[in-house]
Amino acid sequence: MDISEIISIAWNGVTSNKLRSILTMLGVIIGVAAVIMVIAVSAGTEASIAAQIQSLGTNLLFVTQNFTGGPPRNPATDTQNGLFYPDATAIGTISGITGVETERTASENVKYGDNTIDSVSVVGTTADFPTVRSSPIGEGRFIAQSDLDQKATVAVLGSTLATNLFGSADPIDQKVIVGNYQLTIIGVLAARGVVGGTDYDARIYLPITTVFERYTPSQFARVIGDRVNTIVVQVADQSQMDNTVLQIKLLLAQRHNLSVDSLPFTVQTQSDVITTQTATTSAFGTLLAAVAAVSLVVGGIGIMNIMLVSVTERTREIGVRQAIGATPNDIRFQFLAEALMLSLAGGLLGVLVGVGGSLIFNATGISATVIVPSSILLAFASAAAVGIFFGYYPANTAAQLDPIDALHYE
Amino acid sequence: MDSEKIIIELKDLSKVYKMGEENIVKALDHINLEIHEGEFVSIMGPSGSGKSTLMSILGCLDHPTSGQYFLDGQDVSHLNKVQTALIRNNKIGFVFQSYNLLARMTALHNVILPMVYSRFKKTSHAERDKRGRETLEMVGLGKRIHHLPKELSGGQQQRVAIARALINDPVLVLADEPTGNLDTHSGEEIMDLLHSLHKRGRTIVMVTHNPETAVHADRVVHVRDGVIAKDETDHNGVLSVIP
């Protein structure tokens with residue numbers, strides 16, 4: 001009994017009931033495809049998060065307020081634990097820092113002449129925005145420190161917004177109405193595209209101080225003051241990152257009258273942020289892959305079920321084969337090969353479906369996917385293992401049959 | 001035609017089935033039997049006589065409870081599953097009442113199947129094919145080698161089964177009611193085929209409950225209640241009892 005004979009017998013077995021074989025394989029196909037696609041989606045998400053964070057700019061530090069437990073605090077009185085705009089200004093005085101940027105956003109209607117655009121994202125920011133966010137100015141100038149100091153009623157447009165409002169006309173020095181106030185356009189940013197899920201080109205940029213004063217509802221302003229969520233710091237020299245992190249912490253500790261150890265702020269480098277984000281996604285991805293793997297096991301049980309049926313149906317055949325000289329191993333290998341063939345064919349089709357599905361997901365924009373070659377190997381090998389594991393018991397049952405009983409089975 | 005060479009020798013052979021604590025069935029009770037090379041022997045007996053058990057033991061499908069069975073000089077009474085499989089493959093050709101061909105294989109493929117399972121004679125595809133064709137020609141089915149069993153008549157299917165039994169050149173052909181499922185005419189044809197094999201020196205043991213079939217053999221062994229009741233040898237058409 002050589003390999004080619006075993007394969008040919010197994011092939012005969014599999015093709016004898018095609019519909020049943022296909023239905024049996026379906027479990028494995030779905031399992032393998034699910035594993036590959038889940039891993040591809042999770043890898044794609046990780047990659048796009050990393051790309052988004054990279055595209056923010058280089059040599060960046062992110063200062064954020066911690067999510068803390070304990071009883072709720074009154075934000076109006078709790079000045080110790082919040083990040084404020086003056087903190088950003090203070091950080092800017094640390095040596096070796098080339099830029100500090102922080103934002104307060106709002107949403108307002110923007111009107112130029114008869115042309116009104118609803119719900120435009122209004123970004124109050126600082127003078128260092130173009131450097132820190134790698135979004136240089138296209139025409140005119142960006143917000144200057146003097147604009148911030150004077151809470152000037154000036155604005156810079158994103159390139160798409162500029163085109164939508166002014167068409168081909170020059171927007172510089174034109175007046176637009178943003179919400180209830182009239183602002184003067186001083187510049188237009190160069191096209192930047194979508195960064196971190198946000199379209200930089202569709203926003204309007206104002207001095208952050210102007211937003212604090214004019215675009216924050218009064219009750220809200222009373223409660224939170226000049227609070228900001230994130231302060232982004234650009235460091236001149238990559239090698240000075242750790243040192244700068246420490247300096248920022250010391251400064252914040254001093255300003256908030258706290259010890260460095262109890263500081264309710266986190267200072268993270270770009271790679272820290274990427275690591276944290278991808279760790280979260282990959283943990284979630286692992287969980288999903290495990291769920292997908294369960295369906296592979298269910299597929300294996302399907303194979304076992306149908307192999308047991310097949311052994312029962314072919315008891316007589318087994319008896320004949322035994323009578324003419326098949327050894328228990330010959331019979332065992334025959335059924336094992338059949339189970340393996342079902343699972344491998346299912347695995348192969350599953351790989352095709354999984355890879356195809358991942359590509360379609362990516363192409364249609366349902367989700368960014370990156371096909372991980374090792375996931376294909378893993379899924380396929382699991383399918384083979386499932387075939388052997390769940391095929392062994394039925395094959396062994398067949399091999400152990402008594403030839404006389406098998407021959408007389410009706 | 002008989003030679004001195006003994007193919008089957010049963011010595012004090014018993015088979016006992018325990019059906020429960022108290023209920024013991026002696027299917028075969030201390031049987032002694034010798035069959036020489038080239039003999040055509042019928043084993044006859046009503047159902048429940050023990051002839052099926054005898055057939056199973058002769059075919060190495062079952063083990064005796066006690067006693068010995070020598071097949072072609074080798075004690076095969078207590079071999080393991082693998083060893084008995086090899087003996088069946090190499091030394092015994094089975095012909096069953098219900099043909100027992102594999103339904104989805106052609107006549108040729110059915111015939112060469114024992115060669116596929118053979119451990120002793122490694123054969124190439126071409127050799128098997130050639131051998132299979134020759135054997136099918138010998139049983140008169142040279143033109144139907146690629147037919148499936150369902151495309152053949154009962155008689156033809158039994159011929160395929162006989163070809164399969166012969167393919168590994170066994171020392172013993174064991175036929176269990178070979179004409180039981182056939183009409184009279186086909187049955188006679190099968191008996192003629194067995195006769196011609198016998199004339200060419202094959203050792204054939206045929207189990208039957210039908211006296212008309214049994215008389216085709218030149219020796220009839222009657223089994224009743226687990227013992228050999230009568231052992232007749234036919235010389236010139238007259239059955240005589242061996243003392």
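This note goes through a predicted model with chains A and B, point by point.

1. Overall form of chain A. Chain A holds 14 helices and 13 strands. Its radius of gyration is 33 Å, whereas the globule rule gives 22 Å for 410 residues, so chain A is more spread out than a compact globule. Taken along the principal axes, the C-alpha atoms of chain A fill a box of roughly 100 × 55 × 40 Å.

2. Domains of chain A. The domain assignment splits chain A into domain 1, made of 3–51 + 276–407, and domain 2, which covers 69–263. Domain 1 is thus listed as two stretches of chain A, with domain 2 given as a single range. The centres of the two domains, taken over C-alpha atoms, are 55 Å apart.

3. Burial and contacts in chain A. Of the 410 residues in chain A, 41% are buried. Among the contacts of chain A with a separation of 6 or more, 82% are between residues 24 or more positions apart.

4. An open sheet in chain A. Four strands of chain A make up an open sheet, in the order β2-β12-β1-β13, and their pairing is antiparallel. The edges are taken by β2 (97–102) and β13 (265–269); each has a single partner strand, so one side of each is left without a neighbour in the sheet. On average, neighbouring strands in this sheet are turned by 20° against each other, direction ignored.

5. The β1 and β13 pair, and the helix across it. In chain A, strand β1 (residues 60–65) is joined to β13(A) by five bridges, and the two run antiparallel. One of the residue pairs is A:V63 with its bridge partner A:V267 in β13(A). Helix α10 (residues 270–313) of chain A lies across β1 and β13, and its direction is at about 100° to β13(A).

6. Overall form of chain B. Chain B has seven helices and eleven strands. Its radius of gyration is 18 Å, close to the 18 Å that the globule rule gives for 243 residues, so chain B is as compact as a globular protein of that length. The C-alpha trace of chain B spans about 50 × 40 × 35 Å along its principal axes. Buried residues account for 48% of the 243 residues in chain B. Of its contacts with a separation of 6 or more, 69% involve residues 24 or more positions apart.

7. Strand β8 of chain B. How many of the five residues of β8 (residues 204–208) of chain B are buried? Five of the five are, and the strand is mostly covered. In a regular strand the side chains alternate between the two faces of the sheet. In β8(B), B:I204, B:M206 and B:T208 point one way while B:V205 and B:V207 point the other way, and all are buried. On β3 (residues 40–44) of chain B, five bridges lead to β8(B), with the two strands parallel. Within that pairing, B:I43 stands opposite B:V207.

8. Strand β7 of chain B. Five of the five residues of β7(B) are buried, so this strand is largely enclosed by the rest of the structure. B:L172, B:L174 and B:D176 point one way from β7(B), with B:V173 and B:A175 pointing the other way, and all are buried. Strand β7 (residues 172–176) pairs with β8(B) in the parallel sense over four bridges. Here B:V173 stands opposite B:I204, and B:A175 stands opposite B:M206. Strand β7(B) also pairs with β6 (residues 92–95) of chain B, again in the parallel sense and over four bridges. The bridge partner of B:G93 in β7(B) is B:V173.

9. Residue B:D231. This residue is in strand β10 (residues 227–235) of chain B. Is B:D231 buried or partly exposed? It has 16 C-beta neighbours inside 10 Å and therefore counts as partly exposed, since being buried takes 20 or more. B:D231 and B:S42 are 189 residues apart along the chain, and their C-alpha atoms are separated by 9.7 Å.

10. Where the chains meet. In the contact between the chains, 16 residues of chain A touch 19 residues of chain B. On the side of chain A, α1 (3–16), α11 (315–323), α12 (328–364) and α14 (403–407) each supply at least two residues. The most comes from α11(A), with four residues. By class, this side of chain A has eight nonpolar, five polar and three charged residues.

Definitions and conventions: Residues numbered from 1 in each chain as written. Chains lettered and ligands numbered in written order. Predicted model: local features only at pLDDT ≥ 70, side-chain atom pairs only at ≥ 80, totals over all residues. Domains from an automatic or database assignment. Pairing = 2+ DSSP bridges. Axes fitted to C-alpha atoms, helices over the stretch in contact; angles between N-to-C directions. Contact = placed C-beta atoms within 7 Å. Rg over C-alpha atoms; globule rule 2.2 N^0.38 Å. Buried ≥ 20, exposed ≤ 12 C-beta atoms within 10 Å, placed from the backbone. Nonpolar A, V, L, I, M, F, W, Y, C, P; charged D, E, K, R; others polar.
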